[in-house]
Amino acid sequence: MEYIYAVFVLLYGMVFGSFFNVVGMRTAKGQSVIRPRSSCPACRTPLTWKELVPLFSYLFLRGRCRTCGAKISFLYPATELLTGLLFSLSYLQFGFSWEWLQALVFLSLLMIVTVSDLDSMIIPNRVLLVFSLLFLVIRLADPLVPWWDSLAGALLGFSVLYLLAAVTRGGMGGGDIKLFFVLGLFLGTKKVLLTLFFASFLGTLFGLLLIALKKFRRKKPVPFAPFIGVGAWIAYLYGDRLLAWYLSTFLQ
Ligand SMILES: [Zn+2]
């Protein structure tokens with residue numbers, strides 16, 4: 001029975017993923033998330049419901065607009081599928097619980113900032129504001145131990161990123177700095193630092209891979225939010241266990 005629910009959650013998750021695409025791509029450009037209806041970016045033909053079914057429309061249309069044949073960005077189906085999978089896997093981990101709901105809100109932020117950063121190299125202030133309010137409510141209802149760890153995490157995340165941005169001179173954007181404030185609010189001091197550790201590690205690996213494939217361009221900025229997203233999700237799920245293991249191994 002649990003797996004039947006997991007499939008339902010997967011399908012619902014793909015619908016949310018479709019919405020995250022809209023939010024991530026439109027708020028970065030200052031557009032409304034409700035109006036106008038979605039249309040093909042190339043020929044402006046409004047999409048019918050048949051073209052708006054998450055993932056399946058993309059597969060059915062073989063990745064091209066039905067009217068003009070323009071290629072549809074792979075980001076759409078990728079976000080839909082990944083959101084569905086993460087919603088479903090987190091259900092299998094947490095079950096129908098308050099903790100699962102928290103995980104879903106957290107995942108929503110990570111997916112939206114990943115989409116907007118990949119699409120336009122912007123992490124929209126409106127999105128960060130909405131989620132900082134949501135996290136504030138969550139942490140009032142379910143405080144970290146000690147309760148001020150949320151506040152300390154937010155300030156620490158912001159300060160460390162601010163210093164990094166000053167040192168690297170433009171390697172980190174203002175959006176990344178503000179994002180770490182919001183992440184710290186939810187995760188607290190230890191896990192916000194872990195997030196930075198994993199994000200930097202993954203970002204460096206990716207950079208080395210680009211150099212090895214000779215695709216690295218010094219002038220071309222790389223969106224950092226996808227790495228922050230993966231790092232934050234690892235820190236959220238495994239942070240406690242990783243820190244306990246680290247402390248017992250290296251600091252006896
Ligand atoms: Zn078109």
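## A tour of the two domains and their connections

Begin by colouring the chain by domain: domain 1 takes residues 1-96 and domain 2 takes residues 123-252. Keep in mind throughout that what is on the screen is a predicted model. If you place a marker at the centre of each domain, taken over C-alpha atoms, the two markers stand 26 Å apart.

**The interface between the domains**

Select next the residues through which the domains meet: nine residues of domain 1 are in contact with seven residues of domain 2. Together the two domains bury about 550 Å² between them, and carbon and sulfur atoms give 64% of that area. On the side of domain 1, show Thr27, Gln93 and Phe94 as sticks, since these are the residues to inspect: they supply 59% of the area that domain 1 buries against domain 2, more than any other three residues.

What polar links can be looked for here between domain 1 and domain 2, and how many residue pairs are in polar contact? The count is one such residue pair, with both residues at pLDDT 80 or more, while the count of salt bridges between domain 1 and domain 2 is zero.

Now turn to the helices behind this surface, selecting helix H1 (2-27) and helix H3 (75-94), each of which supplies at least two residues of the side of domain 1 that touches domain 2. H3 provides the largest share of that side, with four residues. Colouring the residues of this side of domain 1 by character gives four nonpolar, five polar and no charged residues.

**Annotated spans**

Select residues 11-94, which an unreviewed UniProt entry annotates as "domain: Prepilin peptidase A24 N-terminal". In the model this span is 50% helix and 0% strand, and its end C-alpha atoms lie 18 Å apart.

The unreviewed UniProt entry also lists "transmembrane region" for residues 6-25, 74-94, 100-116, 123-141, 147-167, 179-212 and 224-247, and each of these can be stored as a separate selection. Take residues 74-94 as one example: the chain there is 95% helix and 0% strand, with 30 Å between the end C-alpha atoms. Then move to residues 224-247, where the span is 96% helix and 0% strand and the end C-alpha atoms lie 29 Å apart.

**A salt bridge to Asp119**

The model holds three salt bridges by the rule applied. To see one of them, select Lys29 and Asp119, whose side chains meet at 2.8 Å, N to O. Why is this pair worth following along the chain, and which parts does the pair tie together? Lys29 lies in the loop between H1 and helix H2 (56-60), whereas Asp119 belongs to helix H4 (residues 98-120), so the pair ties together parts that are 90 residues apart in sequence.

**Backbone details in the loops**

Stay in the loop between H1 and H2, and select Pro36, which is placed there. The peptide bond leading from Arg35 to Pro36 is cis, with omega near -10 degrees. Continue to Leu55, which is also found in the loop between H1 and H2; although Leu55 is not a glycine, its phi is positive, at about 60 degrees.

For the last stop, cross to the loop between helix H5 (125-141) and helix H6 (149-168), where Pro146 lies. Display the backbone from Val145 to Pro146 and look along the peptide bond, which is cis, with omega near -10 degrees.

Technical notes. Residues are numbered from 1 along each chain as its sequence is written. This is a predicted model: local features need pLDDT of at least 70, side-chain atom pairs count only at pLDDT 80 or more; totals for chains, interfaces and linings use all residues. Side-chain values use heavy atoms; hydrogens and water are left out. Domain bounds come from an automatic or database domain assignment. Contact means heavy atoms within 4.5 Å. Buried area is the accessible area (1.4 Å probe) that two parts lose on being put together, summed over both. A salt bridge is a side-chain nitrogen of Lys or Arg within 4 Å of a carboxyl oxygen of Asp or Glu. A polar contact is a pair of N or O atoms within 3.5 Å; within protein, one must be able to donate a hydrogen and the other to accept it, and residues adjacent in sequence count only if both atoms are side-chain atoms. Ala, Val, Leu, Ile, Met, Phe, Trp, Tyr, Cys and Pro count as nonpolar, Asp, Glu, Lys and Arg as charged, and the others, Gly among them, as polar. UniProt positions are given in the numbering used here, feature names are shortened, and annotations may be inferred rather than shown by experiment.
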